[in-house]
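Visitor: I'd like a tour of this model, feature by feature. Could you give me the general idea each time and then the case at hand?

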Amino acid sequence: MMAVMAPREAWTDERLDDLKEGMNEGFREVRAELKCTRTELKGEINELRASIERLNDRFDRLNLALVAGLIGLIATRYLG
């Protein structure tokens with residue numbers, strides 16, 4: 001017959017305090033990592049926003065060039 005190990009019957013206050021401190025330290029580490037990740041993500045989002053703004057500016061200039069070209073084409077076709 002196989003012997004079954006009984007779980008520890010008693011948890012001492014010291015053991016519970018050690019477990020609590022270990023868990024608290026783990027949570028502190030997770031909070032620090034999340035804060036770092038949020039900071040990095042915020043920086044990347046700001047870079048992405050800046051890139052989108054530059055792309056918007058380029059599209060605005062392209063639209064103006066197309067409208068100016070179309071006006072020039074119409075002017076030369078019908079007025080010139």
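Visitor: Let's begin with secondary structure. How many helices and strands are in the protein chain?

Guide: There is one helix, and there are zero strands. Keep in mind that this is a predicted model. The helix, α1, covers residues 13–78, and the protein chain has 80 residues.

Visitor: What percentage of the residues count as buried?

Guide: Here 0% of the 80 residues do. To count as buried, a residue needs under 20% relative accessible area. The accessible surface of the protein chain is about 8,100 Å², and carbon and sulfur atoms account for 62% of that.

Visitor: On to charges. How many salt bridges does the structure hold?

Guide: The general idea goes like this: side chains of opposite charge can pair when their charged atoms come close. In this structure you'll find two salt bridges. One pairs Glu21 with Arg28, with 2.6 Å between the closest N and O atoms. The other brings the side chains of Glu25 and Arg28 together at 3.1 Å, N to O.

Visitor: How far apart along helix α1 are Glu25 and Arg28?

Guide: They sit three residues apart in helix α1, so about one helical turn separates them. Put the bridges together and you get one network: Glu21, Glu25 and Arg28 are joined through shared partners.

Visitor: Which contact does the side chain of Arg28 make with the side chain of Glu21, apart from the label "salt bridge"?

Guide: A polar contact, listed at 2.6 Å. Arg28 itself is found in helix α1.

Visitor: How accessible are the members of that network, Glu21, Glu25 and Arg28?

Guide: Between 20% and 50% relative accessible area, a residue is called partly exposed. Glu21 has 42%, so it is partly exposed. Arg28 falls in that class at 38%, and Glu25 does too at 36%.

Visitor: What about charges on the surface that gather in a patch?

Guide: For a charged patch, look for like charges within 9 Å of each other, on residues that have no salt bridge. In this model, Asp13, Glu14, Asp17 and Asp18 gather into a patch of negative charge on the surface. Asp18, for one, has its place in helix α1.

Visitor: And which residues form the nonpolar patch on the surface?

Guide: Nonpolar side chains are joined into a patch within 5 Å. Here the members are Trp11, Leu16, Leu19, Met23 and Phe27, and together they have about 510 Å² of accessible area. Take Leu16: its place is in helix α1. Leu16 has 38% relative accessibility, so it counts as partly exposed.

Note on methods:
Residues are numbered from 1 along each chain as its sequence is written. This is a predicted model: local features need pLDDT of at least 70, side-chain atom pairs count only at pLDDT 80 or more; totals for chains, interfaces and linings use all residues. Side-chain values use heavy atoms; hydrogens and water are left out. Patches are made of residues with over 30% relative accessible area and no salt bridge: like charges are joined within 9 Å, nonpolar side chains (Val, Leu, Ile, Met, Phe, Trp, Tyr) within 5 Å. Accessible areas come from the Shrake-Rupley method with a 1.4 Å probe; for residues, only the protein chains shown count as cover. A salt bridge is a side-chain nitrogen of Lys or Arg within 4 Å of a carboxyl oxygen of Asp or Glu. Lys and Arg count as positive and Asp and Glu as negative; His and the chain ends are not counted. The place of a charge is taken as NZ of Lys, CZ of Arg, CG of Asp or CD of Glu. Helices (H or I, at least four residues) and strands (E, at least two) are DSSP runs, numbered from the N terminus. Buried means under 20% relative accessible area, exposed over 50%, partly exposed in between (1.4 Å probe, protein chains only). A polar contact is a pair of N or O atoms within 3.5 Å; within protein, one must be able to donate a hydrogen and the other to accept it, and residues adjacent in sequence count only if both atoms are side-chain atoms.
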